[in-house]
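Hello,

Here is the structure I promised to pass on to you. Have a look at it first, and then read on for what turned up.

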Amino acid sequence: MNIGIGLPIGDPATLLTWARHADAGPFSTLGLLDRLVYDNPEPLVALSVLAGATSRIRVQTEVLLAPLRDTALLAKQAATLDRMTGGRLVLGLGIGGRDDDHRATGTDPRTRGRRLDEQMEVMRRLWSGEPYGEGVGPIGPEPARPGGPEVLFGGFKPAALERVARWGDGFLAAAPPSWAGGLFDTVRGFWQQYGRDGEPRLVAQVNVALGPQDVIDDARTAMHAYYTFTGMADRMVAGMLTTPAEIREAITAFTDLGADEVMLYCYGLDPDQVDRLADVV
């Protein structure tokens, strides 16, 4: 089982410390959330800096809100980061659930899923070296990974789960084991329906805070603020794992479900959590 670290978004200046600690430890991936109308770092920019400060760990958007972005430019940015990191980019993509993010970019939230499908068709072509379209040539550079960086999709609705089989390499499940098992089975079913070889890569995400009470309180406050818009922030914060036993139990449960990786997502800013979590896993 691979174990990754989801980075806090409250203070971009601390992320280099987090990344260096994680790169020196047992962790497989650094993940970073995406929002536009929020006080968070832009993930492709931030992960580019973190990739330059590390040597082996993967960098993952979790998830990048692709419909907010220009398709050709996103394809170029992702290919550049993948090439310059030697294939360490994992491009987690989603459609976004906040209307204000879409208002800020002038995109229509009612067509965001359709737009993401259209974007994937274009990006897959560009990453394979094909021209953009009539009268417009290819857009480089060539990614390190043939056909483009690994793409994971997040989401819960059938259209999002089907998108994994249509365009992706795997699935990001921001759900507890009791719910994630059904999502995994649905993704596997679509994978078979589309005749895809092998198995989809399955990545689970759990929210954690490990340390003294002030670290846990900081994490709960930050997570509540981030998810207030859902109307379910209290319930989501209540599910945060705050002891080594809880974290190990969740990792075991996701292992039993066939997950390939578990991302331990942190909201508290204390970078010593990386070392505490390393002792747990």
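The buried residues of α6 pack against four elements: α5, β5, β6 (170-173) and α7 (177-193). Those buried residues are Ala160, Leu161, Arg163, Val164, Ala165 and Trp167. Please keep in mind throughout that this is a predicted model.

The pairing of α6 with α5 can be described in more detail. Helix α6 covers residues 158-167, and its axis comes within 11 Å of the axis of α5, with a crossing angle of roughly 10 degrees. Angles under 35 degrees count as roughly parallel, so α5 is roughly parallel to α6. On the α5 side, the contact is made by Gly113, Leu116, Asp117, Met120, Glu121 and Arg124, while α6 brings in Arg163, Arg166 and Trp167. Sorted by class, this contact has five charged residues, three nonpolar and one polar. Two of the names here, Arg163 and Trp167, also belong to the buried set of α6.

Tyr194 touches α6 residues as well, so to speak from the other end of the list: leaving out residues up to four places away in sequence, Tyr194 touches Glu162, Ala165 and Arg166. Tyr194 itself is found in the loop between α7 and β7 (201-208). With a relative accessibility of 37%, Tyr194 counts as partly exposed. From Tyr194 to Thr221 there are 27 residues in sequence, and their C-alpha atoms are 42 Å apart in space.

Next, the loop between α5 and β5. Pro143 has its place there, with α5 spanning 112-127 and β5 spanning 150-154. Is Pro143 buried or exposed? Buried means under 20% relative accessible area, and Pro143 counts as buried because its relative accessibility is 4%. Not counting residues up to four places away in sequence, Pro143 touches Ala79, Asp82, Arg83, Trp127, Gly148 and Pro149. Pro143 and Gly129 are 14 residues apart in sequence, with 9.3 Å between their C-alpha atoms.

Pro141 is found in that loop between α5 and β5 too. A cis peptide bond joins Gly140 to Pro141, with omega at about 5 degrees. You may want to look at another cis bond, which runs from Glu62 to Val63 and has omega near -5 degrees. Val63 is found in strand β3, residues 58-65.

On the other side of α5 in sequence, Asp108 is found in the loop between α4 (99-105) and α5. At 28% relative accessibility, Asp108 counts as partly exposed. Asp108 and Arg201 are 93 residues apart in sequence, and the C-alpha to C-alpha distance between them is 30 Å.

Now for the pockets. The largest pocket holds about 1,600 Å³ of space. Its lining is made up of 47 residues, and those nearest its centre are Gly155, Phe156, Ala174, Tyr227 and Met236. Which helix gives the most to that lining? The answer is α10 (residues 244-256), with four residues. By class, the lining of the largest pocket has 25 nonpolar, twelve charged and ten polar residues.

The second largest pocket has about 150 Å³ of space. Its lining consists of Leu44, Val45, Ser48, Ala51, Gly52, Gln77, Thr80, Leu81, Met84, Thr85 and Arg88. Two elements give two or more residues each to this lining, namely α2 (43-52) and α3 (71-84). The largest share, five residues, comes from α2. Five of the lining residues are nonpolar, five are polar and one is charged.

If you open the model with one spot in mind, I would suggest the contact of α5 with α6, with Arg163, Arg166 and Trp167 on the α6 side. From there you can move on to Pro143 in the loop between α5 and β5, and then to the largest pocket, with Gly155 and Phe156 among the residues that lie nearest its centre.

Best wishes, and happy viewing

Technical notes
Residues are numbered from 1 along each chain as its sequence is written. This is a predicted model: local features need pLDDT of at least 70, side-chain atom pairs count only at pLDDT 80 or more; totals for chains, interfaces and linings use all residues. Side-chain values use heavy atoms; hydrogens and water are left out. On a 1 Å grid over the protein atoms alone, a cavity is a set of points where a 1.4 Å probe fits but cannot get out, and a pocket is an open set with protein on both sides within 12 Å along at least five of seven lines; lining residues have an atom within 4 Å of a point. Grid points are joined across faces, edges and corners, and a volume is the space filled by probe spheres set on the points. Ala, Val, Leu, Ile, Met, Phe, Trp, Tyr, Cys and Pro count as nonpolar, Asp, Glu, Lys and Arg as charged, and the others, Gly among them, as polar. Buried means under 20% relative accessible area, exposed over 50%, partly exposed in between (1.4 Å probe, protein chains only). Contact means heavy atoms within 4.5 Å. Axes are lines fitted to C-alpha atoms, for helices over the stretch in contact, and angles run from 0 to 180 degrees between N-to-C directions. Angles under 35 degrees count as roughly parallel, over 145 as roughly antiparallel, 65 to 115 as roughly perpendicular and the rest as oblique.
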